[in-house]
Amino acid sequence: MKKNVLLILVLTLFIGSAFSQSVTVTGTVTSAADKQPIPGVTVQVKGTTQGTTTDLDGVYKLQAPADATLLFSYVGMQPLELPVNKRMMINVVMQENKIDLGEVVVVGYSTSSKKLISNSVGVVREDELKYAPMRTIEGVLQGKAAGVTININSGTPGGQNSIKLRGGSSINATNQPLVVVDGMPVITGSFGQIGYSGQEIDALSDINPNDIESITFLKDASATAIYGARASNGVMLITTKKGGYQKTSVTLSSSYGWQTLPAERLPKLMNAAQWNEYKGTNVQGVDTDWMKEILQTAPTSNTEFSVSSGNDKTRMFISGNYFIQDGTVKSTRFDRYTGRLNIDHKLLDNLTIGASIMMSYSKNDRVEGDQTLYGPLPNALSIPAIYPVFNPDGTYNEDGPYANPVAIIDHTINQAFTNRNNGNIFLEYKFLNGFTFTSKWGADQYLLREHEYDPITVAQGLKYNGLGIEGTSYVSNLITNNVLQYMKSIDKTHHFEALAGYSLEKYARRNTYIEAIDFPNENFEYITSAGTIRAASAYGLERGMNSYFGQFKYNYKYKYIFTLTARADGSSKFGKNNRYGYFPAASVAWRVNEESFMKNAEAVSELKLRASVGMTGNDGIGDFASLGLYGGGFNYGQRPGIAPTQLPNPDLKWETTLQTGFGFDLGLFEDRISLVADLYYNHTRDLLLDRPLPPSTGYTTITSNIGELENKGIELLLNTQNIQSDFTWNTSINFAANRNKVLSLYEGQPIDDQGRGGNRVQEGEPTGIFFGYVCLGVDPTTGKLVYEDLNNDGEITADDRKKIGNPNPDFTFGITNSFGFKNFDLSIFLQGVAGNDIFNGTNIYLASGIGEDNQLAFMADRWKQPGDVTDIPKEGDQLKSSRFIENGSFMRIKSVTLGYNFPQQLLKPVKLKTARIYVSGQNLFTFTAYTGMDPEVNYYSNDNVVMGTDFFTYPQSRTIMVGINLGL
C-alpha cells in the first residue's frame, strides 16, 4: 500500500512538472521608430521549427517551453532573442536595422534587395498604376519608367500598342520585350486573321492592371541573360497581388468617364461652299459634316473588387473586374471581364504550395480603319460635304468617291471575342540550411474568334452580294520551371546566393479561316447561309524550348557586389547545327557609401557604381525558317501535288546582342533626393534577314544571319521629396535618349520603300528612316511642285531620293508631380517625345489637289495665277516627299488626378477602413507642331521598319472620369 501511494505521488509530481514546462505566450510587437504595431513578424522557438507570425495589430500567440528562447525577425528590423522565463506576456519593441538595403525587387527567378542589385532594372509600383484612367497595361505604364518607350498606336479600344526597351534590336524579328507574369512567360501579340491595319487586338489587354503589385523592367544583359534567347529586347516582370498575413480586407472601386476627340486636333476640312468654289461646281442645299456623323461622346467605366486575407498558414487574394470602353468613333467598343485567384498555403514550416489563376473574357467591336476603302474614319475625312448621308427615299447615299461611313457604322459587323485562361501551381520546399527548391507548372491558353459580316446594305457587301468571314485562333503555352537556390552568410561579412534551374516550354497554335459571299439577304450573317465559299484554310504548328540556367551572387559586407549569370536555350525554331544558344553575363557594383572614407559625408545616403556586360538572344522569327518546306496545291493532271517552297538553312541561329552598361545610384539626405543614371551600348549581330537568291534557283530569298545594328543611349531617373509636412510635394522625372544605327546589311543593299511613308533600312542610318524626294516648293510661274534633282540629269527619278526624315525620337521623358494636403491629393503627369519626324500620309489625299477626296481648308489658298507666291500647288501629286514630313515632337498633359480621402472619424460609424473620391483627366492637352490628329499614332502597329506614319489613323481621345475607392 505504501509503495502504491509513493508511486502515485511520484507520477503526480512528474506530470505536474511536465505541464509546467509549457506555457502560452502572447504579446504585441511594435516599432521603436513610430510606436506602431508590426504585422508579419516571425516569432519562432529557438532550435525548433515551431513558430507563428504577428497579425495586423502586431499580436502573436504560441505555445513554448517555459525555459525556451523566442526569436523575433522581420525584414528591415534587427532580430531579437528573448528568454521566456515562464512568462505568459512578452511585449517586444524592434529597432530598425542599421543596414538599409531598400525595397525588395523581383529579378528573374528570385528577389533581391534593391540596393544589392548590380544590374540595370526599373520598377513601377502599384501606387503608380492604380489611378490611371486607361485600364490597360500599356495605358497605365506609359511614361513611368526610363528607357521604356510605350507607343499608343491608335485610339482603338482594346487595340495593340508598342513597348520597347532601349530601342529596337532587330529588323525582322520581334522588338517587343518578353513578358513574364508571376514567373511564367505569357502569350502576347496579335493573333487576328482579319486585317485591321494597325488596329489589331493585343493579347496583353486581357490583364487587369488592378491585379498588379509591381512591374520590374530588366534592361541590361546581366539582368536579362537569365531569360536567354528571348531577352535582347528586355524583360517585363509582372508580379500580381498576394494575400497578406492580416485580417480580411475588401476593396471596391468604381469609375465612370466621358471620352471625346479634342476639337482643336480635328482637321479643318472644306465645307460644301468651299468645295464648290475649289472644284468649280455648284451643288446646292447639302453641307454634310461627315465627322460629326461618325463621332460621339463615348462613355467608359471600370468596376473592380478584391478580397485579401491570410494568417500564418494561408494567404488568399481574389479579384474581379469589368471594364467598358466605347470608342469615339461610333460602333467601336471594348468589354473586358477578368477574375483572379492567388492562394498559397504552408503545409509544413518548410513546405508551401500555391496556385495563381486568371480568367478573362473580352468582346471587341471594331471598324475598319487605316488602309481601306471601307473605314468610317478615313471615309468621313475624304468624302466632300456636298454628298448627303441619305437619299430622299431614306436609303444610304453612295454617290461619293468612297463608301458611306454612316452605313458602315450602322450595318457592318466586325466583332472579336477572346477567352483567356492563365494559371500556375507551385511548390516551395526549404531544407538543410539555406536550400530552397521551387517547382512551378503553368499553362496559358488564348482563344480568339473573329466574326465579320458586310450585308448588301453597305457598299462592300453589295459588291459581293453579302460578305462573311469567320476566323478562330487557338494558342497555348505549357511551361515548367524548376529552380534550386542556396543562400549562405558567413560572419555577417560574406554573403552568397546561387541558383540553378531547368525550364521547358511547349507552344501550340491552331488557326481556321473561312470567307464566303452570296448571302440570301442582310438578315443572314453566318457562313452556313452563304451561297459560295470563297476561301478556306486551316493551319497548325507546335514548337518547343528547353533551357538550363544558373546564377551566382556574392557580396562582401553589402559593399562589393558580384553577379554571374548564364543560360543555354534549345529551340526547335533554329537549324540543326545551331539548336542551342549560350548567353553569359556578369555585373559588379560598389556601394561607395559603405566605405570608411564616406562616413563623414552625411548628406550621401547611397552611392552605388555599377557595370555589366553580357550576351542575350532574339528568337522572334517564323517557326520553320530553318527548314526546307513543301506546299500543297501544285496539282498535275487533276491529281494533287506538292512542290518545294523554301530552301533549308541548317546553320540558322539566334540574333545575338552584346550589351555593355555603366551606371550609378545616388541618394542624398536620407534618399529625399535619388538619382539613377545608366549608359549603355548594345551591339546586335547575326540579324535574321532574307538574303536574295538568283532566279535560276527557283527561289527569291532564304532566311540567313547577315546583318548588324547598334543601340546606345542614356537613361536618368530623378526622384525628389520636395516638401514633407502637412503639405507634401514629390517629383519624379525620367529621361531617356537612344541612338540606333544599322551597321551592315547583305552586300550593303538597303531595304527600300517600306509602307506608305517610304521607310528604309540603310547602312549608317537609324532603322526606318523616311527616304524620298526633297520638295523645294511651288514654282510661282506654273503652280507646280519643284523637287531637288540630286544627280542633275534633268529628270526627277528614284535616283533623286534621299533621307528626308527620321521617325526615331532624340529623347523621351515623363514628369510626375504629386501633392498632398491633409486629406487631399493631386497628381499631374506630363509625357513627351522630342526629335522625331512623322510622315503625314493623310495629307497625300487631303492636301494633294487631285482626285475627288475632300481637301483641307487651307488648300483654298492654292496657286491660281502666274506670280502667286504660295507653298500650295495648283495641282499636287502623291510622291513620298519632304512635303509630307512634319515635326512629331510633343508634350502631353497625360493625366491629372485630384482625390479626397475621407477622415477616419467619418468612416468608423459605417464600418469602412478607407474611402476616396476622385476626378481624373487623361490626354487633356497636347503641345505639338504636328498638324495631324495625333502625333503619337502609327498606322502599321508594331512593325520594326514602318514607323512614324499617320494614315487616317484612329486618334486617342480626351477622357474625364470620376471615381470612388472603398476599403472594408
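Analyst: Let's start with a term: accessible areas come from the Shrake-Rupley method with a 1.4 Å probe. In this predicted model, the accessible surface of the chain comes to about 42,600 Å².

User: What share of that accessible surface belongs to carbon and sulfur atoms?

Analyst: Carbon and sulfur atoms hold 58% of it.

User: What makes the radius of gyration agree with a compact globule?

Analyst: Good one! The rule is 2.2 Å times the number of residues to the power 0.38. For 968 residues that gives a value near 30 Å, and the chain has 32 Å, so the two agree. As for its extent, the C-alpha trace spans about 130 × 70 × 65 Å along the principal axes.

User: Why are A272, W275, N276 and Y278 in helix α4 called buried?

Analyst: Buried means under 20% relative accessible area, and these four residues of α4, which covers residues 272-279, are in that class. Across the whole chain, 52% of the 968 residues count as buried.

User: What puts those four on the same side of α4?

Analyst: They cover an arc of only 165° around the axis, so they share one side of α4. Here is the background: an α-helix has 3.6 residues a turn, so residues three or four places apart point the same way.

User: And which residues are exposed on the other side of α4?

Analyst: There you find A273 and E277. Exposed means over 50% relative accessible area.

User: How many helices and strands does the chain have?

Analyst: The chain has ten helices and 49 strands. Residues 24 or more positions apart make up 68% of its contacts with a separation of 6 or more.

Technical notes
Residues are numbered from 1 along each chain as its sequence is written. This is a predicted model: local features need pLDDT of at least 70, side-chain atom pairs count only at pLDDT 80 or more; totals for chains, interfaces and linings use all residues. Side-chain values use heavy atoms; hydrogens and water are left out. Helices (H or I, at least four residues) and strands (E, at least two) are DSSP runs, numbered from the N terminus. Buried means under 20% relative accessible area, exposed over 50%, partly exposed in between (1.4 Å probe, protein chains only). Contact means heavy atoms within 4.5 Å. The arc is that of the directions from the helix axis to the C-beta atoms.
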